[in-house]
Structure formats: C-alpha cells, structure tokens
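Dear colleague,

Please find below the structure that I am handing over to you. After it I set out what was found.

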Amino acid sequence: MTGPRRGFTLVRTYPVPPAEVFAAWTEPDKLDWFLNPGMPIAWPPQVDLRVGGAWRLHMVETADKSYVTGGIYREIDKPHRLAFTFGAVGGWPDLTDGVEDAPLVTLDFQALDRGTRMTLRLDLPPHLDDEAIRNWFNLGIEAGMSQTIDRLRLPRP
C-alpha cells in the first residue's frame, strides 16, 4: 500500500549565472521577490548565511493575514546548492518546538549555456504519518511554494 507523496520538485530557469540566482536567495537586499508585491512589511529580510544560521522575513498575504517565515540553513555550497529547514520560530511553519517536523528545502543551481536551472526539492520528514503529510499538502504548500518562486524574476528590472 502506498501512502501520500512526501515531497515535490519544482524547476525554473533563469537567464543569469548560478551566482545571481543563489544571491537572490541569500542576500537580504535581494530577497524582496519572496514577499507579496505591493504589500507592506514591518522589517526587511534578515539573513545569517552560515550552517545553523537563519533567514527570516515578514510575509504579508492580506491586510488581515501576515506572519514571519524563513528557514535554518543546513547546507551552503555557493553557488551550487542551498538547503534549509523551512520555517521560523513563532512563524509559519512554526519551529518553536524544534525542526523535527519541518520540511527540508533543497535548491540546486545548475549552470546552463545561457543561464541557470534551479531545482527546488521540498521533502517532508520521513517519520511523519500519512495524516500529517496530507495536512501539509492540504495547507497548499506545493502551490504556495510554486507561486512564491514564480515571483523570482532575473535579471531584475
């Protein structure tokens, strides 16, 4: 018997070198693409780019719904790979009780003749039961992540 999917992969291409795509994920002044366009933020994105360090930003979905999101870096191989546990203490996903139940996001940046292929893989922890896995997908994590990375436009205007 097969259970629910435990993750997903999204692929996008950009007409810039891998270092520029990597920078868009790791430099605070370039992370504004992650935010909803036209929505106010309480503070600029914060990045502590080191294994064990965190990135955090204030995500405003609507005038009535906002939260902190981010991640804790697990792997940094500039400009080829970036991996982080997705979430923020006191945010969404909430890491207040630890990272054991949080998704792992892995980004691979592959150089192409004229740009970069970015492959985003989101994996849910293997110990989560089928109901917990279905809950993540019912929350719209795949569609939300796809919608978010579609805001990343490179080169920047």
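Lys-30 has a relative accessibility of 29% and therefore counts as partly exposed. Its partner in a salt bridge is Glu-27, with 2.8 Å between the closest N and O atoms. Glu-27 is likewise classed as partly exposed, at 27% relative accessibility. Please note that the model is a predicted one.

Overall architecture

The protein contains three helices and seven strands. Along the sequence these elements come in the order β-α-β-β-β-β-β-β-α-α. The radius of gyration is 15 Å, close to the 15 Å that the globule rule gives for 157 residues, so the protein is as compact as a globular protein of that length. The C-alpha trace extends over about 45 × 40 × 25 Å along its principal axes.

Of the 157 residues, 42% count as buried. The accessible surface amounts to about 8500 Å², and carbon and sulfur atoms account for 51% of that area. If one takes the contacts between residues at least 6 apart in sequence, 52% of them join residues at least 24 apart.

Helix H1

How many of the nine residues of helix H1 are buried? Seven are, so this helix, residues 18-26, is largely enclosed by the rest of the structure. The buried positions are Pro-18, Val-21, Phe-22, Ala-23, Ala-24, Trp-25 and Thr-26.

Charges and salt bridges

The protein carries 17 positive and 21 negative side chains, and the centres of the two sets are 5 Å apart. Side chains of opposite charge can pair when their charged atoms come close. The structure holds eight salt bridges, and the pair of Glu-27 and Lys-30 described above is one such bridge.

Another joins Arg-12 to Asp-150, whose closest N and O atoms are 2.6 Å apart. Arg-12 belongs to strand S1 (residues 7-14) and Asp-150 to the segment after helix H3 (141-149), so this pair ties together parts that are 138 residues apart in sequence. Is Arg-12 buried or exposed? With 19% relative accessibility, Arg-12 counts as buried, as the cut-off for that class is under 20%. Asp-150, at 32%, is partly exposed.

Lys-65 and Glu-61 also meet through their side chains in a salt bridge, with an N to O distance of 3.4 Å. Lys-65 has a relative accessible area of 43% and is partly exposed; Glu-61, at 33%, is partly exposed as well. In addition, a network of salt bridges links Glu-75, Arg-81 and Asp-108.

Strands S4 and S5

Two residues may serve as points of reference here, namely Ile-72 in strand S4 (residues 65-77) and Ala-83 in strand S5 (residues 81-86). Ala-83 is buried, with a relative accessible area of 4%. Ile-72 counts as buried too, at 18% relative accessibility.

Which residues does Ala-83 touch, if those up to four places away in sequence are not counted? They are Ile-72, Tyr-73, Arg-74, Glu-75, Leu-104, Val-105 and Thr-106. Ala-83 also lies 6.1 Å from Leu-107, C-alpha to C-alpha, although the two are 24 residues apart in sequence.

With residues up to four places away again left aside, Ile-72 touches Gly-52, Gly-53, Ala-54, Ala-83, Phe-84, Thr-85, Leu-95 and Val-99. The C-alpha atoms of Ile-72 and Val-51 are 7.7 Å apart, while 21 residues separate the pair in sequence.

Cis peptide bonds

I would also draw your attention to two prolines. The peptide bond from Lys-78 to Pro-79 is cis, with omega near -5 degrees, and Pro-79 sits in the loop between S4 and S5. The bond from Trp-92 to Pro-93 is cis as well, with omega near -20 degrees. Pro-93 is placed in the loop between S5 and strand S6 (104-112).

In summary

For a first look at the model, I suggest three places. One is helix H1, where seven of the nine residues are buried. Another is the salt bridge between Arg-12 and Asp-150. The third is the contact between Ala-83 and Ile-72, which lie in S5 and S4 respectively.

With kind regards

Definitions and conventions:
Residues numbered from 1 in each chain as written. Predicted model: local features only at pLDDT ≥ 70, side-chain atom pairs only at ≥ 80, totals over all residues. Heavy atoms only, no water. Helix = DSSP H or I, 4+ residues; strand = E, 2+ residues; numbered from the N terminus. Rg over C-alpha atoms; globule rule 2.2 N^0.38 Å. Buried < 20%, exposed > 50% of the residue type's maximum accessible area, 1.4 Å probe, protein only. Contact = heavy atoms within 4.5 Å. Areas by Shrake-Rupley, 256 points an atom, 1.4 Å probe, with all protein chains shown as cover. Lys, Arg positive; Asp, Glu negative; His and termini not counted. Charge placed at Lys NZ, Arg CZ, Asp CG, Glu CD. Salt bridge = Lys/Arg side-chain N within 4 Å of Asp/Glu carboxyl O.
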